[in-house]
Amino acid sequence: IRILAYESSCDETSTSIVKNGTEIESLIIATQIKSHQRFGGVVPEVASRHHIEVITQITKEALAQANCTWKDIDAIAVTYGPGLVGALLIGVSAAKAASMATNIPLIGVDHIMGHIMAAQLKDTIEYPALALQVSGGHTELVLLKSPIDFEIIGDTRDDAAGEAYDKIGRVLGVNYPAGKTIDTWAHQGQDTFKFPRAMLEDYDYDFSFSGLKSAFINTCHHADQINQKLDKYDLAASFQAAVVDVLAYKTMRAIKEFKPKTFILGGGVAANLGLRERLNREIAVINQDHHLKVIMPDLKLCGDNAAMIGAAAYNLYVAGQFSDLNLNADPSLELPYSDELYK
Ligand code: ATP
Ligand code: MG
Ligand code: FE
């Protein structure tokens with residue numbers, strides 16, 4: 001089964017052909033980051049315009065790179081949410097037009113399900129699985145009962161982890177998106193500031209990063225006022241230590257409670273080397289007498305890309321979950337919450 005997938009939810013326009021949900025035959029990612037950097041974040045109107053400029057061209061490129069024609073394609077997949085509505089609409093319209101013109105079935109995919117399914121491009125997921133999904137707009141712990149049955153057990157109450165990285169990066173004068181640079185600096189400094197770790201109540205799996213962000217910004221502003229120069233490497237290391245502590249603590253507690261067979265790290269922040277190292281180290285300790293499989297996507301597939309959408313779409317294809325031409329963009333699409341936890 002060969003799926004041609006589209007992703008245009010934010011500032012990357014991407015197309016990909018994925019075979020059997022596991023094998024990437026082609027992947028094109030057209031990034032717009034340079035156009036948004038001078039504004040310090042993604043400008044929705046600019047994003048939509050860029051998507052529409054490249055989407056037809058990169059559809060042709062995805063087919064050519066895989067040595068395919070439309071006749072070789074079994075389904076057309078597209079991210080329909082969550083994301084920027086104008087940006088999503090470009091991908092959804094392109095996918096619907098292609099489906100209508102070729103009579104190839106259409107599959108709408110949740111962007112977050114896609115991030116988590118980037119793992120399927122790396123290794124076989126054994127169920128039940130637990131995913132820590134950390135990205136620009138989401139910080140969630142998700143239980144996967146099957147390849148299509150996802151439930152949120154914990155969520156951020158305010159800022160997402162990636163968003164916090166980008167906001168504190170701005171204070172340090174780092175270009176958007178700041179995560180990668182802060183991660184690099186963090187490896188060159190020490191946790192000297194001891195910023196707060198919001199563990200919240202011990203009985204849930206929710207996260208909060210706005211207190212940490214404010215503490216960081218206040219520390220920088222205060223130093224500025226008294227003309228004190230703070231070490232940017234120590235600031236980055238201290239921020240990252242606080243983020244990683246909270247993410248690792250809640251994740252390890254969920255692993256102990258839900259006993260998944262596979263642990264998946266997903267989303268743009270899954271590229272964070274500090275987070276990867278810490279989770280690998282803590283899971284190695286429990287794996288002295290358990291066997292928990294760990295899947296962390298290749299760095300290139302942590303950020304937004306259409307291959308992960310093709311992987312998730314394959315699972316929907318197998319389950320017979322197709323979309324019709326009424327498919328619409330849903331900017332605030334959310335995976336379902338577990339009933340067990342919010343009663
Ligand atoms: P969402 O997927 O929640 O809808 P998004 O698609 O905008 O949001 P992604 O593209 O998945 O988010 O991830 C981008 C985020 O990942 C940015 O906030 C960026 O700073 C962050 N990021 C990328 N690399 C790293 C890293 N090495 N360390 C920390 N954060 C990182
Ligand atoms: Mg992005
Ligand atoms: Fe994303």
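**Exercise 1. At which residues does UniProt place the feature "binding site"? Establish how these residues are arranged in this predicted model.**

Solution. The unreviewed UniProt entry places the feature at His111, His115 and Asp304. These residues are spread over 194 residues of sequence, yet they cluster in space, with a largest C-alpha distance of 8.7 Å.

**Exercise 2. Determine whether His111 and His115 are buried or exposed, and identify the residues they touch.**

Solution. Begin with the location of each residue. His111 is found in helix 4, which covers residues 111–117, and His115 is found in helix 4 as well.

Next, apply the cut-off: a residue is buried if 20 or more other C-beta atoms lie within 10 Å of its own. His111 has 25 other C-beta atoms within 10 Å and is therefore buried. His115 has 31 C-beta neighbours inside 10 Å, so His115 also counts as buried.

Finally, list the contacts, leaving aside residues up to four places away in sequence. His111 touches Ser9, Thr79, Gly81, Pro82 and Gly83. His115 is in contact with Gln133, Ser135, Gly266, Gly267 and Met308.

**Exercise 3. Describe the surroundings of ligand 1.**

Solution. There are 24 residues around ligand 1, and those that come nearest are Gly136, Gly137, Gly162, Gly179 and Gly268. The elements giving two or more residues to this shell are helix 4, helix 5 (161–171) and helix 6 (179–186). Sorted by class, the shell holds seven nonpolar, 13 polar and four charged residues.

**Exercise 4. State in which order the strands of the five-stranded open sheet are arranged, and find the helix that packs on this sheet.**

Solution. The order is 8-7-6-9-10, and the pairing is mixed. At the edges are strand 8 (149–155) and strand 10 (293–295), each of which pairs on one side only. From one strand to the next, the twist averages 20°.

One pairing can be followed in detail. Strand 7, residues 139–146, is antiparallel to strand 8, and the two are joined over six bridges. Within this pairing, Val142 stands opposite Ile152 in strand 8.

The helix sought is helix 8 (residues 232–258), which touches strand 6 (129–134), strand 7, strand 8 and strand 9 (262–266). The direction of helix 8 makes about 165° with that of strand 6.

**Exercise 5. Explain why strand 1 is described as largely enclosed, and identify the strands with which it pairs.**

Solution. Strand 1 comprises residues 2–7, and five of its six residues are buried, so it is largely enclosed by the rest of the structure.

Strands of a sheet pair through backbone hydrogen bonds, either parallel or antiparallel. Strand 1 offers an example of each sense. With strand 2 (residues 12–19), strand 1 pairs in the antiparallel sense over six bridges. These two strands form a hairpin with four residues between them, and the bridge partner of Tyr6 in strand 2 is Thr15. With strand 4 (residues 75–81), strand 1 runs parallel, joined by four bridges. Here Ala5 stands opposite Ala77 in strand 4.

**Exercise 6. Decide whether Lys300 is buried or exposed, and give its location.**

Solution. Lys300 is found in the loop between strand 10 and helix 10 (306–318). A residue is exposed if 12 or fewer other C-beta atoms lie within 10 Å of its own. Because Lys300 has 12 C-beta neighbours inside 10 Å, Lys300 counts as exposed. Lys300 and Asn272 are 28 residues apart in sequence and 12 Å apart in space, C-alpha to C-alpha.

Key: Residues numbered from 1 in each chain as written. Chains lettered and ligands numbered in written order. Predicted model: local features only at pLDDT ≥ 70, side-chain atom pairs only at ≥ 80, totals over all residues. UniProt positions renumbered as here; feature names shortened; annotations may be inferred. Contact = placed C-beta atoms within 7 Å. Near = placed C-beta within 6 Å. Nonpolar A, V, L, I, M, F, W, Y, C, P; charged D, E, K, R; others polar. Pairing = 2+ DSSP bridges. Axes fitted to C-alpha atoms, helices over the stretch in contact; angles between N-to-C directions.
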